[in-house]
Structure formats: C-alpha cells, structure tokens
Amino acid sequence: MNRQMKSILFYTLVAVVVIFSVFPFYYAIVTSFRSGQELFNPSVFPTSFTTGNYFSIFKEQPFGLNILNSVIVATSVVILSLIIAVTASYALARIHFRGRGLLLMTILSVSMFPQVAILSGMYELIRSMGLYNSLPGLIIPNTVLTLPFTVWVLTTFMKELPKELEEAAVVDGASPLTIVRRIFLPLMWPAMVTTGLLAFIGAWNEFLFALTFTLSNEVRTVPVAIALMSGATEYELPWGNIMAASVLVTVPIVVLVLVFQRKIVAGLTAGAVKG
C-alpha cells in the first residue's frame with residue numbers, strides 16, 4: 001500500500017508538471033486560431049477555427065524576413081562559437097600554462113554577468129565598429145554571450161578524452177590543428193551537438209541585444225518583431241497575430257529539442273565519465 005501510494009503521488013506530480021509546462025503552449029495554439037470576439041473567450045477548448053492570423057502576420061509586416069534574420073544570426077553564432085570554443089578548449093584542456101585554472105574560472109564567471117551589465121559597453125562598441133542596425137551587429141554580441149558556456153562544456157569534455165590518442169598522433173608527427181581536426185572532433189560530436197543546439201536556442205530567443213542594436217524592422221529578429229506587433233489603433237493589441245507568430249517560431253525549436261534530446265543528455269553527461 002505504501003509503495004502504491006508513492007506511485008500515485010509520483011504520477012500525480014508528473015501530471016501536474018506536464019500540465020503547467022504544456023498548457024501555456026496549448027493555449028497559445030488555440031488562441032492563434034481565434035479572431036474577433038472569440039479572442040476574449042476564456043474557454044480552453046476551441047469553438048471555431050481561422051487561419052487568418054497566420055496569413056496576416058506575413059501581410060502586415062516582413063515577418064518572413066524576420067525569421068530569415070533569426071536563422072542567419074543563430075546559425076552564424078553556432079558556427080563561430082563552436083570554432084572558437086573547440087580551439088580554446090584544446091588549449092585549456094591539453095596545454096599546460098601558468099594561470100590556466102584562473103583563466104577557465106574567469107571564462108565561467110563571465111557567463112554569470114547579466115546582459116544588462118554589458119549592454120552600454122557593447123552598444124558603444126557596436127556603434128564604433130559601424131555595425132549598428134545590421135546582422136553582424138547582432139552576431140558578434142550573441143557570440144560573446146554564448147562563448148563562456150560552449151568553452152566550459154567542451155573543455156570539460158576534452159579533459160576526459162584519453163591522452164594516449166594525442167600522444168600517438170604527436171609521435172606520428174601530427175600538428176595541434178591536425179590533432180584537433182582529425183582526432184578530437186569525431187569524438188566530440190555529442191558535446192558539440194549539445195552546445196551548438198543550446199547556443200542556437202539562446203541566439204534564437206535573444207531579445208535585449210536584438211532590441212537595442214537594431215532600428216529598422218527589416219533587420220530585426222523574431223522576438224523583437226513579435227514584441228513590437230501593433231494593431232490598427234493604439235488601443236488595439238493583436239493577440240491573434242502575436243500568438244500565431246509565437247507558435248511559428250516556437251514549433252521548430254520544440255522539434256529540434258525532441259529530435260536531439262538524447263544527444264543533449266549524452267553531451268551534458270559525457271564529460272562526467274572517464275574515457
């Protein structure tokens with residue numbers, strides 16, 4: 001009876017967590033198919049469907065271009081952060097030099113700073129480089145924001161790879177770049193998939209930099225484009241359009257996480273197992 005009671009409590013708790021996690025997304029989907037007075041209907045079950053909101057967001061603003069901007073920014077951030085993080089992790093994990101531990105802790109501590117703490121300095125840097133209101137002006141700060149996490153995860157993973165592989169390559173005359181490219185990269189795919197996917201999600205959802213460093217709607221990414229959606233008048237808030245846009249940009253991320261969930265778990269735990 002005691003075991004049965006524990007089982008009931010466990011599954012009840014799981015059900016509550018699932019409901020609280022899934023219900024907001026479910027309600028957003030339902031709202032995205034409503035229009036007019038139906039938007040103010042508090043019912044959780046739809047009584048009518050319309051796809052007008054999904055067509056409206058592409059007609060009233062360049063939302064397709066906003067999605068393309070987000071794809072370009074997020075993909076560029078992933079590529080740059082992985083290239084830099086792989087080489088940095090090799091240096092931090094395999095090359096012995098004075099202050100290595102302090103440097104690694106400094107990298108980790110940088111990731112603890114809130115975005116707003118570096119916003120003004122980053123804004124001045126972007127303006128001085130002539131990158132304001134451009135996609136490179138979003139790629140650079142997002143890469144800076146992502147690097148501490150990617151470097152830390154890949155360094156932890158690389159520390160656990162067998163040193164015999166590297167020593168055998170050195171005996172054969174391989175250079176450090178060859179060792180990284182031909183030996184470590186094939187072994188680091190689980191960690192790289194994890195960090196790359198998390199970096200992509202972070203860049204895709206980033207709002208503060210995208211709002212501060214852009215001016216025109218043609219350069220904005222989807223989080224800012226959704227936040228700045230407006231109705232026909234100043235007193236109207238297009239909830240249907242906002243929900244439709246939110247569903248469109250959320251579904252791909254959900255699909256990516258579901259497809260690569262095993263890779264994510266494997267990548268985050270691989271560094272904790274020797275070899």
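These notebook entries record what I looked up in a predicted model.

**Entry 1: Thr 31 and the end of H1**

I began with Thr 31, which I found in helix H1, residues 2-32. Its relative accessibility is 7%, so I noted Thr 31 as buried. I then listed its contacts beyond four places in sequence: Leu 39, Asn 53, Gly 240 and Met 243.

**Entry 2: Phe 33 and Tyr 54**

I next placed Phe 33 in the loop between H1 and helix H2 (52-60). Leaving aside neighbours within four places in sequence, I found Phe 33 in contact with Ser 48, Phe 49, Thr 50, Thr 51, Asn 53 and Tyr 54. Asn 53 also appears among the contacts of Thr 31. For Phe 33 and Tyr 54, I noted a C-alpha separation of 8.3 Å.

I then turned to the aromatic rings. A pair of aromatic rings is described by the distance of the centres and the angle of the planes. I recorded a count of 11 aromatic pairs. In the pair Phe 33 and Tyr 54, the ring centres are 5.3 Å apart and the planes stand at 45°; the pair is therefore tilted, as that angle is neither under 30 degrees nor over 60. This pair links distant parts of the chain, with Phe 33 in the loop between H1 and H2 and Tyr 54 in helix H2, 21 residues apart. Tyr 54 has 14% relative accessibility and counts as buried.

**Entry 3: Phe 58 and Phe 63**

I looked up a further aromatic pair, Phe 58 with Phe 63, and found it edge-to-face, at 5.8 Å centre to centre and 75° between the planes. Is Phe 58 buried or partly exposed? At 42% relative accessibility, I entered Phe 58 as partly exposed. Phe 63, by contrast, is buried, with a relative accessible area of 0%.

**Entry 4: the largest nonpolar core**

Which residues touch the most other members of the largest nonpolar core? Within its 57 residues, I found these to be Phe 63, Leu 154 and Met 188. Helix H3 (residues 63-94) supplies the largest share of this core, 11 residues. For Leu 154, I listed contacts beyond four places in sequence, among them Leu 82, Ala 85, Val 86, Met 188 and Met 192.

**Entry 5: Tyr 132 and Asn 133**

I noted one aromatic cluster formed by Tyr 123, Tyr 132, Phe 209 and Phe 213. Arg 127 lies over the face of Tyr 132, at 5.2 Å from the ring centre.

Lastly I checked Asn 133, in the loop between helix H5 (115-128) and helix H6 (136-159). Asn 133 is not a glycine, yet I recorded a positive phi of about 60°. Its relative accessible area is 23%, so Asn 133 is partly exposed.

Conventions: Residues are numbered from 1 along each chain as its sequence is written. This is a predicted model: local features need pLDDT of at least 70, side-chain atom pairs count only at pLDDT 80 or more; totals for chains, interfaces and linings use all residues. Side-chain values use heavy atoms; hydrogens and water are left out. Helices (H or I, at least four residues) and strands (E, at least two) are DSSP runs, numbered from the N terminus. Buried means under 20% relative accessible area, exposed over 50%, partly exposed in between (1.4 Å probe, protein chains only). Contact means heavy atoms within 4.5 Å. A nonpolar core is a set of buried Ala, Val, Leu, Ile, Met, Phe, Trp, Tyr and Cys residues joined through side-chain atoms within 4.5 Å. Rings of Phe, Tyr and Trp (its six-membered ring) pair if their centres lie within 6.5 Å; planes under 30 degrees apart count as stacked, over 60 as edge-to-face and the rest as tilted. A charge sits over a ring if NZ of Lys or CZ of Arg is within 6 Å of the ring centre and within 35 degrees of the ring normal.
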